[in-house]
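The exercises below are meant to be worked with the sequence and the structure side by side. Try each task before reading its solution.

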Amino acid sequence: MTSPHLEKAFEDGIEAALLASDGWKKGDPADFNAELAVIPKDLFGYIRDTQPDLWKTLAAQHKGDLEGPLLDALTKHLDFKGTLDVLRHGFKFFGKKIEVATFKPAHGLNPDILTRYGMNRLTVTRQVKFAVGEEKSIDMLLSLNGLPVATIELKNPLTSQTVEHAVAQYRNRNPKHRLFQFKKRALVHFAVDPDQVYMATKLAGKDTVFLPFNRGSHGGAGNPENPGGYRTAYLWEEVWQRESLLDILGRFAHVFSEEKQVAGKSVTREVVIFPRYHQLDVVRRLEAAAREHGPGRSYLVQHSAGSGKSNSIAWLAHRLSTLHGANDEKVFDSVVVITDRRVLDKQLQDTIYQFEHKTGVVARIDENSTQLAEALAAGTPIVITTLQKFPFVTEKIGSLPKRSYAVIVDEAHSSQTGEGARQLKEVLGAKTLEEAEKEEADSGEETSEDRLLKVMASRGPQKNLSFFAFTATPKAKTLEVFGHRGPDGKPAPFHLYSMRQAIEEGFILDVLQGYTTYKTFYRLAKAIEEDPKVSKKQATRQLARFMSLHPHNIAQKTEVMVEHFRTSVRPRIGGKAKAMVVTSSRLHAVRYMQAFQKYLSEKGYKDIGVLVAFSGTVQDPDVATLSYTEVGMNQGIREGELPGRFATDEFQILLAANKFQTGFDQPLLHTMYVDKRLSGVQAVQTLSRLNRVAPGKEDTFVLDFVNEAEEIQRSFQPYYEQTIVAETADPNRLYELHHELESAQVFSPGEVEGLCKVFYTPKEKQTPSDQARMYGYLNPGVDRFVALEEKKQEEFRSALKGYVGLYSFLSQIMPFTDPDLEKLYTFGRFLQLKLPQDPKRDPLDLQGEVALKYYRLDKTSEGRIELRVAEPAAIHGPAQVGSRKGKDDEAPLSEIIDILNERFGTNFTKADQLFFDQVTEKAKTDKEVLQKAGANAFDNFALSIKEKVLDLMIERMDENAGIVARFMNEPEFQSLAFRELAKKIYEGARAGGGPPAGSAPAKAAPGAP
């Protein structure tokens, strides 16, 4: 009897559950041919049972030597076509087609097929030795008629082994072993422990990507409690059951081919798609409901971005098109898919061709309504069309009452530019930015969802029509129309895969973790004043520049965004990070494009390419003869080309006005600058453009000039359960966490220094031994951590996670100059990955060294070879201080305040004069100022003290923030105030006794007073 705490007991339990169910047989590991990676005994048995006449004919032809040649032919077809193709379509042998599996038909009208279906041999074999002449074995192998379909590695936490160890074991397997060769033998590889399941369809050493195959728990990742059983029991009690596994192999799994341009060459990449659990679940539930209730029902599927909606829709469309009811009659005559994604058209056709080897199953309607009418009348199994043609779909279906249709609505990528409403207002032309913003807000955005609901309301319910709506962010009206009533009587989605689960499972990033309003941005930057390890002078100078952003000061915001992007964003994702600016109107987008081009030109920045996106033509409110189009401002790049061009290294920033804020999939998009009022679904959809994952992309960042954090949080709450962290960030907390981590004595300063020295090695000096050396600095810390008592482990893990997260966020805002913080951040990131996983709290991180490879590239590619952080952003004012002369006819009034009030219409009081007097008195006593006053004529003197005056004003910013803000932000104000201030300082310094001893005599400057 196996001890219940051992891994073998886990293996025993799974095998017993499968064998107790109908249709599974116990395999003998000795029957597995490691060289060919098949079980010949089961293969020959199935062919003999299902095709006896063919077997006799072939046996007679080969005179008793049939099995060897047959096995050789099968092997060649497996290596050429792959396991899935051979299982579904058989292979040719001496001109005869041999079937190696039979899948369940959609109806029961052909009893012979059902009989052969019942003869399939599903075998579970334990401890299979997969390498010829070696003792290495896989814990379990699932095979169909002798062909391997799934391998399984099992782990048991009671013996200190978790699913993470199973993943590591797979990554150490040699993918060249025949059993593991991509698509040629086993189709999927499962890493399993009692709590979690992960799967991979391609073993590629350390680059192997594992995906979670968990049910989800309480809206998040993982699996729910299973009283009296394993949390992962659904895997063998449900997914691996005979009917289920044969269904997956017959109508779910498929090979997806993707063509990409790499270094100017077209490269085709193949991926074996095996459904994730929520995809399997939703498609089967929808199919069962449609079979039970027939046409006339509506279903709402709320699946987050990252859920794989394209595949879910493809599988559902195919299954509904072949769905038969209890009486073996078709439930739907045709399936209509409403989508704006052309990629879904090809994906549907390619996927369904793999299932049926038939063309003409899918028809795309891209011409006119006549084409659509013909496809519906002809009963084309699957018709793909756009939302614009949806009204005609419902009208046509209404005229065919004897036919039933399923309509699948894919709203995620629909156009939401509000073009119809905008065309009505095209001739009006806003006169100011304020008017443009109000016009856009008043017109609203008629989303695809709104248009769909409007058409449905006008038509009313139709008994021959079922709707299956997929959305990540349903509106209340959508829930009412498509949702079903829950126990509380309120409408709810038929199936849910939440944003939180997608984030925790690593399919999308959490865009709120790096979200900060401008107010917060300013507050965090101001905190630098209290940090003695940060340059106060440069930090406070930035504050003065940023302090009073006027709501429509586009030039100033442009400077903030460009400098922030160059300093904090551009180095990310290996130097490939991109940003989007969300503007509040088309006129704002035009003005921003002009401001960006002007600023980049003035600064000489040639490393940032900018594109703009807006619909129609924008009339210039200042120059009646001027108008702007997207194509014109983008130097001839057509609208359809824009996403592709933005994906290149040529462009980094996209300025968007009501375009690309929904359905835009650019994984390199890291940062979003928001200058538009957002709320509700629009906020979620817009900010979610950042959430796509990419190699080396660890986080996202949002700088919002307009919205409050609380409003964004309220917008996300229905779809997302975590809170915004930016509002509670405190820079001083970094030093507290730094102290906590060092006090735990898990690592030593020498280990941190040693690892960083290796990590920051220039790329040209890196060696193959670098990684081993890094492990050498990390492993002692892991050992010390394991030796801690459980409570201390939790405290250290929490502090480390908090430090890494907080530093990552704050480093995008604050110009840190403390290298110790950066060193610990680098060390801490790696140590986090090396520490034993905490299955109770942390979702499993399977990225490992793949992510670290890109992270290292990120750090070294930007020249951060030495252990130092980036310099503070170089923020420059719109004009050089003192570069403009006061007009000759300016009245030389005795008081600076009087001059400013008269010139600019301000209401500064005499009390404000004290501010200038204090600056003057401080400057007059400065030795450097005295030296320059005595040695120079006034104009030369003025040029030489501009930095000094700026410093003195910034020091007193708290005393008169209004004057300092205007001085820093308004060139004309600055020019006049500085000149008058400089005169007072000059006169006072010279009147005080002249220059110090030893100074040179004054030289007159041309035009000096």
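**Exercise 1. Describe how strand 4 pairs with strand 5 and with strand 1, and find out how far strand 4 is covered.**

Solution. In this predicted model, begin with strand 5 (residues 137-144), which pairs with strand 4 in the antiparallel sense over 7 bridges. At one place along this pairing, Leu122 is set opposite Leu144 in strand 5.

Next turn to strand 1 (residues 24-26), whose pairing with strand 4 is in the parallel sense and runs over 3 bridges. Here Trp24 stands opposite Leu122 in strand 4, and Leu122 is also the residue that faces Leu144 in strand 5.

Finally, check the cover of strand 4 (residues 122-129), taking buried to mean under 20% relative accessible area. By that cut-off, 6 of its 8 residues are buried, and strand 4 is mostly covered.

**Exercise 2. Work out the strand order of the open sheet of 7 strands, and name its edge strands.**

Solution. Reading across the sheet, the order is 14-15-13-16-17-12-20, and the pairing is parallel. The ends of that order give the edge strands, namely strand 14 (362-364) and strand 20 (495-497), each of which pairs on one side only. From neighbour to neighbour the strands are turned by 15° against each other on average, direction ignored.

For a closer view, follow the parallel pair formed by strand 12 (residues 298-303) and strand 17 (residues 465-471), which 5 bridges join. Ser298 has Phe467 in strand 17 as its bridge partner. Helix 10 (residues 277-293) lies across strand 12, strand 17 and strand 20, and its direction runs at about 175° to strand 12.

**Exercise 3. Explain why strand 21 and strand 23 each have one side without a neighbour in the sheet, and locate the helix that packs on this sheet.**

Solution. Start from the order of this open sheet of 6 strands, which is 21-28-27-22-26-23 with parallel pairing. Strand 21 (515-517) and strand 23 (610-613) stand at the edges and have a single partner strand each, so one side of each is left without a neighbour in the sheet. The twist from one strand to the next averages 15°.

Within the sheet, strand 22 (residues 578-583) runs parallel to strand 26 (residues 653-656), and 4 bridges join the two; along this pair, Met580 is opposite Leu654 in strand 26. The helix asked for is helix 27 (residues 680-687), which touches strand 21, strand 22, strand 27 (669-675) and strand 28 (701-704) and whose direction makes about 145° with that of strand 27.

**Exercise 4. Characterise the packing of helix 31 against helix 33 by its geometry and by the residues that meet.**

Solution. Two packed helices are described by the angle between their axes together with the distance between those axes. For helix 31 (residues 770-787) and helix 33 (residues 819-834), the angle is about 65° and the axes are 10 Å apart, while the crossing is right-handed.

The residues come next: Met774, Tyr775, Tyr777, Leu778, Asn779 and Val782 in helix 31 meet Phe827, Phe830, Leu831 and Lys834 in helix 33. Sorted by class, this contact has 8 nonpolar, 1 polar and 1 charged residues.

**Exercise 5. Place these parts in the whole protein chain: how many helices and strands does it have, and what share of its residues is buried?**

Solution. The protein chain has 41 helices and 28 strands, and 53% of its 1009 residues count as buried. About 44,000 Å² of the protein chain is exposed, with carbon and sulfur atoms supplying 51% of that area. Taking contacts between residues at least 6 apart in sequence, 73% join residues at least 24 apart.

Terms used: Residues are numbered from 1 along each chain as its sequence is written. This is a predicted model: local features need pLDDT of at least 70, side-chain atom pairs count only at pLDDT 80 or more; totals for chains, interfaces and linings use all residues. Side-chain values use heavy atoms; hydrogens and water are left out. Two strands pair if DSSP finds at least two bridges between them. Axes are lines fitted to C-alpha atoms, for helices over the stretch in contact, and angles run from 0 to 180 degrees between N-to-C directions. Contact means heavy atoms within 4.5 Å. Buried means under 20% relative accessible area, exposed over 50%, partly exposed in between (1.4 Å probe, protein chains only). Accessible areas come from the Shrake-Rupley method with a 1.4 Å probe; for residues, only the protein chains shown count as cover. A crossing is left-handed if the near helix is turned anticlockwise from the far one by less than a right angle, and right-handed if clockwise. Ala, Val, Leu, Ile, Met, Phe, Trp, Tyr, Cys and Pro count as nonpolar, Asp, Glu, Lys and Arg as charged, and the others, Gly among them, as polar.
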